[in-house]
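Colleague: Please take one part of this model and go through it closely and without hurry. I would like to start with the interior and then move on to the ligands.

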Amino acid sequence: METVVSGIRPTGKLHIGNYFGAVANFLKMQYEYNCYFFIADIHSLTTHPTPADLHNSVRQVLAENIAVGLDIDKCTLFIQSDVPEIPELYTYLNMNAYKGELERAASFKEKVRSNPDNVNAGLLTYPVLMATDILIHKAHKVPVGKDQEQHLEMTRTFGNRFNRLYNVEYFPEAQAFSYSDKLVKVPGLTGVGKMSKSGGDADAIFLADDEAVNTKKIMRAKTDAGPTQPNQKKPDEVQNLFDLMKLVSAMDVIENFDSAYNNCSIRYGDMKKQLAYDMEVFLKPIREKIADALKNETVLAQAAKLGAEKARESASKTLKEVREIIGFRKFY
Ligand code: ADP
Ligand code: TRP
């Protein structure tokens, strides 16, 4: 069975864009591959979170991933900092990563531009840490978005360079993975671009938020004055509402609103009410499970412990072999 690795940055609550764009793939993959999903808390140190913020974010992401249906007996769900083998392999791989190639990474250049006062070494070697995450489980497939493609290419470079340096065929080449060739893009509520945490509070529907908050956001979503001619092209903000409906509403419901749009009888208020209702039907069980998981320290502790054990088993095997290949041999 092929091995899959993907990291989830602990950056606050999950929204439905994260769910349909990323997590939904994980839910399916866990039954088809040997999966390692982890919370990338070491990666998040590049922005210096406070200890309390760091812990709360990791806790939230862990609870949410369990609540949406990652099965800790099927996949390995772990917290990166629970696996000390990762920083060790990262140290070794850093010796074969060159300053020039790290400086040329698009994500690094972007961070230098946006945060010129925090250009730390961890930021420069972020791709090495990500390569370590992948190589330590000798993964074949990595489900990530387009923005991570360059990091995956660097992972292959670092893995191949290690193989060449020590004349071994040890690390496999990991490839980006998605179930569909067309990546899912969930639009935001503000009418511009994809749903995103950084799009402001009105833009995203969070899995953990209550019905009143989500309904209010949907009812306030931008629309236009309504169609004036039959079969008119929908403006982006109206198309967005239809796209959101496609995620949670029944086909015939969508078709009814589509016909109403096309014969100019649509009432956006009714459509939003329906969307809010269907969204709530979808979100209610998830929200309840998130709340349960967050309340239940034992569930979280057991999940983290099991994940750490399984991840360390795989990671320590790799590390033992890597130490052997490098030439760290015991004198005692
Ligand atoms: P955000 O943009 O809200 O900060 P992240 O960058 O943390 O989200 O993304 C986490 C995962 O969710 C990535 O795999 C990303 O591709 C996916 N994702 C984020 N927003 C969307 C969206 N609106 N539609 C589809 N997938 C998304
Ligand atoms: N860099 C990824 C992001 O920003 C998160 C990540 C860290 C990751 N390590 C990984 C993703 C390993 C896939 C595999 O979203």
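Modeller: The lining of the largest cavity (a cavity being a set of points on a 1 Å grid over the protein atoms alone where a 1.4 Å probe fits but cannot get out, with lining residues having an atom within 4 Å of a point) divides into four nonpolar, two polar and two charged residues. This is a predicted model, in which local features need pLDDT of at least 70 and side-chain atom pairs count only at pLDDT 80 or more, whereas totals for chains, interfaces and linings use all residues. Residues are numbered from 1 along each chain as its sequence is written, chains are lettered from A and ligands numbered from 1 in the order in which they are written, and side-chain values use heavy atoms, leaving out hydrogens and water.

The residues that line the largest cavity are Glu211, Asn214, Thr215, Ile218, Ala276, Met279, Glu280 and Leu283. Two elements, helix H9 (211-219) and helix H12 (268-295), each give two or more residues to this lining. The space in the largest cavity comes to about 40 Å³, and the structure holds one cavity of 30 Å³ or more.

We can turn next to ligand 2. Its shell, made of residues with a heavy atom within 4 Å, consists of Ser6, Gly7, Arg9, Phe38, His43, Tyr126, Met130, Asp133, Ile134, Val142, Val144 and Gln148. When these are sorted by class, the shell around ligand 2 has six nonpolar, four polar and two charged residues. Three side chains in this shell have an N or O atom close to a nitrogen atom of the ligand, as polar contacts (pairs of N or O atoms within 3.5 Å): the distance is 2.8 Å for Tyr126, 3.4 Å for His43 and 2.8 Å for Asp133. On its own, ligand 2 exposes 370 Å² (by the Shrake-Rupley method with a 1.4 Å probe), and the protein buries 92% of that area. Strand E1 (3-8) and helix H7 (126-135) are the elements that give two or more residues to this shell, and H7 supplies the largest share, four residues.

Helix H7 deserves a pause, since 10 of its 10 residues are buried (under 20% relative accessible area), so H7 is largely enclosed by the rest of the structure. Its buried residues include Tyr126, Met130, Asp133 and Ile134, and these names also appear among the residues around ligand 2.

Strand E1 leads us towards the other ligand, for the loop between E1 and helix H1 (16-29) holds His15. This residue counts as buried, because its relative accessibility is 3%, and a polar atom of its side chain lies 3.1 Å from the backbone nitrogen of Gly17. His15 is also one of the residues that come nearest to ligand 1, together with Asn18, Val186, Met195 and Lys197, out of 13 residues around that ligand.

The shell around ligand 1 has four nonpolar, five polar and four charged residues. An oxygen atom of ligand 1 lies 3.1 Å from a polar side-chain atom of Asn18, while a nitrogen atom of ligand 1 lies 2.8 Å from a backbone N or O atom of Val186. Ser196 takes part as well, with a polar side-chain atom 3.4 Å from an oxygen atom of ligand 1. Ligand 1 has 540 Å² of accessible area on its own, of which the protein covers 76%.

Note on methods: Polar contact = N/O pair within 3.5 Å; in protein donor to acceptor, adjacent residues only side chain to side chain. Nonpolar A, V, L, I, M, F, W, Y, C, P; charged D, E, K, R; others polar. Buried < 20%, exposed > 50% of the residue type's maximum accessible area, 1.4 Å probe, protein only. 1 Å grid on protein atoms, 1.4 Å probe; cavity = no way out; pocket = protein on both sides within 12 Å on 5 of 7 lines; lining within 4 Å. Points joined across faces, edges and corners; volume = space filled by probe spheres on them.
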